[in-house]
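Trainee: Hey, can we go through this protein together? I'm still new to reading structures.

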Amino acid sequence: MDDLKSKYLDLIANAGDEAAIEDIRLQAVGKKGEVALKMRELGKMTPEERQVMGPKLNALKDEINAALAAKKAALGDAALDERLRGEWLDVTLPGRARPQGTIHPISQVTEEVAAIFADMGFAVAEGPQIEDDWHNFDALNIPPHHPARQEHDTFFMHREPGDNRPPHVLRTHTSPVQIRAMQDQGAPIRVIAPGRVYRSDYDQTHTPMFHQVEGLAIDTDISMANLKWTLEEFCRAYFEVDEVELRFRASHFPFTEPSAEVDLRCSWNDGQLTVGQGDDWMEILGSGMVHPKVLEAAGIDASKYQGFAFGIGIDRIAMLKYGIPDLRAFFDSDLRWLRHYGFSALDVPTMRGGLSR
Ligand code: PHE
């Protein structure tokens, strides 16, 4: 008995892992283990012998089991200690460096605009920047020799002589997306379409590539009043002020009737731009009630449906909101400018969380 005891206690003391412990357990106190075999011999003993040997064997079994459990716990603790040493972390170290890049004001403003219109139930639609002249002009009620084609200072895609494909242009506005969205989705429809547009023009408030966001709402009972409300509501939300002053100026676009251009009250002082006060007006958008011919071109029944459309200059409203005086600098890729006017990638604009920092 003493031999058995010292043999197993030794083995347990030297076991290196849990698998070894389990082996020893089976070998010593398992069903066919050495102690169990000894217990079986009890049957052949005299009652007197049994009275002595029975308790001794039980005590031995208990002692081995206790040693196994203790060793198992000790191995577990050692493993945990080892892991804790490996996963040690100095929480007093400085945090990670701030990311170097910033979000361009145009991207930021596009996100802000999308958040505001999403809140009013407008989905986002898209179209190609290289557009065929039917979508860019004809479908929008601008026939081939209409003066509006010249007014747009259009960039035409190069064509080889003999190329019979329809002429393509760099889209001069986001209005062709009106056509594409109505063709795809029919009516009723409520979408905005932000994106790049191109015109050959260059000064403090014009660049040959710039950005617009188109808006389109078509249903059976949409009126000019809905247009006015939507634009005023948008401006208040976008400029984050209670009152903005808008000037609706009668205008003309071939694709809307009636049409209005909208100016925003502002002031320029020492190259600084302020919104809502002053004696200046900045044109920020064109709008109107969608022309029946445009609805028909897009496959919508104009005797049943009507609605409004608008096109906002994203770059213009970015300049106004963030006090950026020269549009040309937007696209110069000057790192100092980008660091100054850029936004943190972590400040995602939402209606609830706030549009801008
Ligand atoms: N497409 C016009 C432009 O680029 C803006 C506009 C859009 C006007 C929708 C009316 C309706 O100037």
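Mentor: Sure, let's start with the overall picture and then go to single residues. Keep in mind that this is a predicted model, where local features need pLDDT of at least 70, side-chain atom pairs count only at pLDDT 80 or more, and totals for chains, interfaces and linings use all residues. Residues are numbered from 1 along each chain as its sequence is written, and side-chain values use heavy atoms, with hydrogens and water left out.

Trainee: Got it. What domains does the assignment give?

Mentor: Domain 1 (2-86) and domain 2 (105-341); such bounds come from an automatic or database domain assignment.

Trainee: And how many Å separate their centres?

Mentor: The centres of domain 1 and domain 2 are 84 Å apart, taken over C-alpha atoms.

Trainee: Why is the protein more spread out than a compact globule?

Mentor: Its radius of gyration is 40 Å, well over the 21 Å that the globule rule gives for 357 residues, so it counts as more spread out. That radius is taken over C-alpha atoms, and the rule is 2.2 Å times the number of residues to the power 0.38. The C-alpha atoms fill a box of roughly 125 × 50 × 50 Å along the principal axes.

Trainee: OK, new topic. Which residues touch the most other members in the largest nonpolar core?

Mentor: Phe 117, Phe 234 and Ile 317, out of 42 residues in that core. A nonpolar core is a set of buried Ala, Val, Leu, Ile, Met, Phe, Trp, Tyr and Cys residues joined through side-chain atoms within 4.5 Å. Buried means under 20% relative accessible area, exposed over 50%, and partly exposed in between (1.4 Å probe, protein chains only).

Trainee: What is Phe 117 in contact with?

Mentor: Leaving aside neighbours within four places in sequence, its contacts (heavy atoms within 4.5 Å) include Phe 122, Ile 192 and Phe 234.

Trainee: Where is Glu 257?

Mentor: Glu 257 sits in strand β7; strands (E, at least two residues) and helices (H or I, at least four) are DSSP runs, numbered from the N terminus. The unreviewed UniProt entry has a "binding site" annotation covering Glu 257. UniProt positions follow the numbering used here, feature names are shortened, and annotations may be inferred rather than shown by experiment. Not counting residues up to four places away in sequence, Glu 257 touches Met 289 and His 291.

Trainee: Last one: where is Lys 304?

Mentor: In the loop between α10 (292-297) and β10. Lys 304 is partly exposed, with a relative accessible area of 49%.
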